[in-house]
Each structure stands twice: as C-alpha cells, then as structure tokens.
Amino acid sequence: MRAVGGVQAGNGVASDCRSCLCPAVTFKQRIQGRPLVYLDNAATSQKPRQVLQALDEYYREYNSNVHRGVHALSARATREYELAREKVAAFIGARSALEVVFTRNASEAVNLVAQTWGAQHVHAGDEIVVSVAEHHSNLVPWQLLAQRTGAVLRHVPLTRDTQELDLVALVHASNVLGGVTPAETVCEMARAVGARVLLDCCQSVPNRPVDVQALGADWIVASGHKMCAPTGIGFLWGRYDLLESMPPWMGGGEMIEDVFLDHSTFAPPPTRFEAGTPSIAQAIGLGAACDYLASLGMARIEEHERQLGTHLFEQLRSINDVEVYGPPPTAKLGRMALATFNVRGIHPTDISAILDQSGVAVRSGHMCTAPLHRELGLPASVRASPYFYNSLAEIDVFIEALKDAISFFR
C-alpha cells in the first residue's frame, strides 16, 4: 500500500494482522501529542495519494469544462471524466457506463429517484417500504414523496434478539448496527409483487465486492467520500430501461438535446440527470479511488475488515458495562467492520471527547439514524469504524483508551 493522504505507509505488513492487506501505517497527525488512530471511516475515509494526485493533475494540467469544447484541454477533461464513469461501472459490475449517473452524494441520488420515478409512479395509497435502520438520507426523501402523493410509508422493524431486520427494505449495510441485508432475497421478493428496490450501498460498496447484477436491485446509491474518493461526488446506478423512463430532475445546460424558446428536448441517460457543470475533478478522483481499491482487491478488503470487525466486537463485549448493538460476527451474513456501543452511565459524547484526548477518533451522536436510536431506546451512541488501512494493534489502542476513559468517569 502506498501513502494515504495524511498517512505515512511502510512497505511491510503489520505484524499483528492475520491478513496480508494491512500495511504498517502511522498518521502524520498527532492529537494531544499522541499518534492518531482514525476509527471514523463509516463517516468518511482517508484519501490515498493516487486520488490526491489525480485531483492535482486535473487542476494543474487539463483544467477545463467537459463536453463543451474541441480544444485539447476540454477533450482530455471529457475523456477522463467519462473514463471515471466507466471505472465506477466496472467496479460495481454494471452492464454499461450509461447506467451510472454522477451526483453530489448519495443523498442527491436518492432524491433524484424519489422526485423523478417516484413522482411518476407512486400514487395515493401505494406503499413505500423502508426499514427503521435507514440513514436519514434514505428516509427523508421518501417521507417527502409520501406527503406529496398520499402514499403510505411502512417501516420494517428489528428482531428482538439479534437486532437484525425481519424483512429488509433498502439499506444494504447498516451504518449503526453493522448488519448486512440479504439483498438478493429482498429484491427477488420485491420483483414477485411488482415492487421496485433502491438499495443504499454507502457502507457496502467501499468495504466488500458489490455486483449490481447479482444484487437484483433497480437502483443503488453510494457516496465517494466513504470509499477513498473526494467529497462532493457520489453516484446513482440504475437499470438503463428505468433511467430512460425517468424524466429530467434539474434543468439547465448539458442535460439537453435541443432548446427552443418555449420547450426543450432532453439528452438520454445519464447526461439527462447531470445538469450544469459537473463535479469534474471529484468524478476523476472517484475513478482513481475505484482503481486504487480494485488494485487492493475488494475480497481482500472484506476479509481484512472481517478480522478487524470481529476483534473489535469481541473486545468491546469483554468490557463491563459496554453494550454493543447489532448482530454478532457469527450471524449468517456476518457484520460490517464497525461497532456502535454505549457505556452504562456515561454519555456517548463524553466517551468520544475523552478518546480524542488519547488520539482516537470515533463518532458519537445518533449517526443520522434518529428513528433507529428511538427504536433502541437510545438518545445517542458511540461508533468505532475501521477501514482497510487500520490494524488490529490500533483496535487494541482504542480498547485500552476506552477502558481508561471508563475508569476516569468511574
């Protein structure tokens, strides 16, 4: 592994890891004089040097708008921008790059579907099914659609014992519970009753192989910043026949075929949904991130994170007064390499703040899943989320820092 943005990477494999993926890395940053242990990857990931170089190269060497000029810079920018689309398509197993729509983030991608296909096909009395574990980004757009159309919003509950979903609606991997959705089964059930499925893959695409053909969903969404790419870029994948049936969402330049004073005709997908000057550098950076992750191997990343996640879960469960949420690593579909927890009698924000003093970065709050936290009877929680560049040794640093924090408050 080469250097990650803000990270110095060694050439060897960390001696405490059982997989060959984990590099010996230390962050340049020091927090309160201590080396940074970054465990907030479910919120956003660090960026590899290759991505930073791709951004720098665009701005330094061929900064230009796309699709609008015949000069050399514009031609190269267009070529690299569309190449990035091809890279994303290959990364998720799409049939064609024409099925990939660049958006600012996953939230925008969900809203695009809700306000185009949803506005056309969802009517009063229809049911929109989501789970109680949804991120706000995959809940609020459907609430708004239901309010506008008179549709009924249904919520799939959790099981009592393992906090897995009885019937999965839309989230592929929970950013709080860590549970993995049996997406293929859900999509098959949905097809049997004529329903469409949009899958939130923000936590799965960065961490394990995702093949949209195998999943069977109609659309998936993901955010670049969680998969080593810059902020300000995400994507919608959709079956082309569905994209073709969806009307434009935003009007403006680029998304048109021809414009008259009283009407316009529109470009085919995906250009139809990319009005105005797009996030060119960010899209190119996303393509570089896909290259980088593919070079590591998504199956290897998944295996390394399985080891990290199992160790994290087991170590947390061994601490008195700590409750970890979500299914265990032994669940049928396993769990993601994140752990959300609480310590009895100590506020999550206090835990997070004390851990920061030890150089450990974790997240506290409701993780943009307020309904899920209410379902669990929690005002907030703490989440530790490693990524492929973390090591078992860093998990142990976190565990010891957490024990010290608990001792401090006790």
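Start by selecting F388, which is buried with a relative accessible area of 1%. Keep in mind as you click around that this is a predicted model.

**Stop 1: the rings around F388**

Leave F388 on screen and add Y292, which is buried too, at a relative accessible area of 4%. How far apart are the centres of the rings of Y292 and F388? A search of the whole structure turns up 10 aromatic pairs. In the pair of Y292 and F388, the ring centres are 6.1 Å apart and the planes meet at 50°, so this pair counts as tilted. Now colour by secondary structure: Y292 sits in helix α9 (residues 280-296), while F388 is in the loop between β18 (381-384) and α13 (392-409), so the pair ties together parts that are 96 residues apart in sequence.

Next, show Y389. Its ring pairs with that of F388, with centres 5.0 Å apart and planes at 70°, so this pair is edge-to-face. Like F388, Y389 is buried. Add Y387 as well, and you have the cluster that ring pairs make of Y292, Y387, F388 and Y389.

**Stop 2: S45, next to two of those tyrosines**

Keep Y387 and Y389 displayed and select S45. Which residues does S45 touch, not counting those up to four places away in sequence? They are H225, K226, M227, C228, Y387 and Y389. S45 itself belongs to the loop between β5 (37-38) and α1 (49-61). Its relative accessible area is 3%, so S45 is buried. Zoom in on H225 and look at its backbone oxygen: the side chain of S45 reaches that atom at 2.9 Å.

**Stop 3: the cysteines**

C228 was on the list of residues that S45 touches, so click on C228 next. Its relative accessibility is 0%, and C228 therefore counts as buried. How many disulfides are there? The count comes to zero. For C228, the nearest cysteine sulfur is that of C290, 9.9 Å away, and C228 is in no disulfide.

Move on to C201, which also has a relative accessibility of 0% and so counts as buried. C201 is in no disulfide either; there the nearest cysteine sulfur belongs to C202, at 7.9 Å.

**Stop 4: S204 and its histidine**

Now select S204, found in the loop between β9 (198-200) and α7 (212-215). Is S204 buried or exposed? With 1% relative accessibility, S204 counts as buried. Show the side chain of H172 and draw a distance: the side chains of S204 and H172 make a polar contact at 2.7 Å. If you set aside neighbours within four places in sequence, the residues in contact with S204 are H172, A173, V210 and M336.

**Stop 5: a four-stranded sheet**

Switch to the cartoon view and pick out β6, β11, β10 and β9. In that order, these four strands form an open sheet, and the pairing is mixed. β6 and β9 stand at the edges, each with a single partner strand, so one side of each has no neighbour in the sheet. From one strand to the next, the twist averages 20°.

Zoom in on the edge strand β6 (residues 100-103) and turn on its side chains. V100 and F102 point one way, V101 and T103 the other, and all are buried. Side chains in a regular strand alternate between the two faces of the sheet.

Then step across to β11 (residues 234-238), which runs antiparallel to β6 and is joined to it by four bridges. Which residue of β11 is the bridge partner of V100? Select W237 to see that partner. Going on to β10 (residues 219-223), you'll find five bridges to β11, and again the two strands run antiparallel. To see where they line up, pick S223, which stands opposite G234 in β11.

**Last stop: out to D404**

Finish on helix α13, where D404 is located. At 51% relative accessibility, D404 counts as exposed, because the cut-off for exposed is over 50%. For a final distance, select the C-alpha atoms of D404 and A331: these residues are 73 apart along the chain, and the two atoms are separated by 30 Å.

Notes:
Residues are numbered from 1 along each chain as its sequence is written. This is a predicted model: local features need pLDDT of at least 70, side-chain atom pairs count only at pLDDT 80 or more; totals for chains, interfaces and linings use all residues. Side-chain values use heavy atoms; hydrogens and water are left out. Buried means under 20% relative accessible area, exposed over 50%, partly exposed in between (1.4 Å probe, protein chains only). Two strands pair if DSSP finds at least two bridges between them. A polar contact is a pair of N or O atoms within 3.5 Å; within protein, one must be able to donate a hydrogen and the other to accept it, and residues adjacent in sequence count only if both atoms are side-chain atoms. Contact means heavy atoms within 4.5 Å. A disulfide is a pair of cysteine sulfur atoms within 2.5 Å. Axes are lines fitted to C-alpha atoms, for helices over the stretch in contact, and angles run from 0 to 180 degrees between N-to-C directions. Rings of Phe, Tyr and Trp (its six-membered ring) pair if their centres lie within 6.5 Å; planes under 30 degrees apart count as stacked, over 60 as edge-to-face and the rest as tilted.
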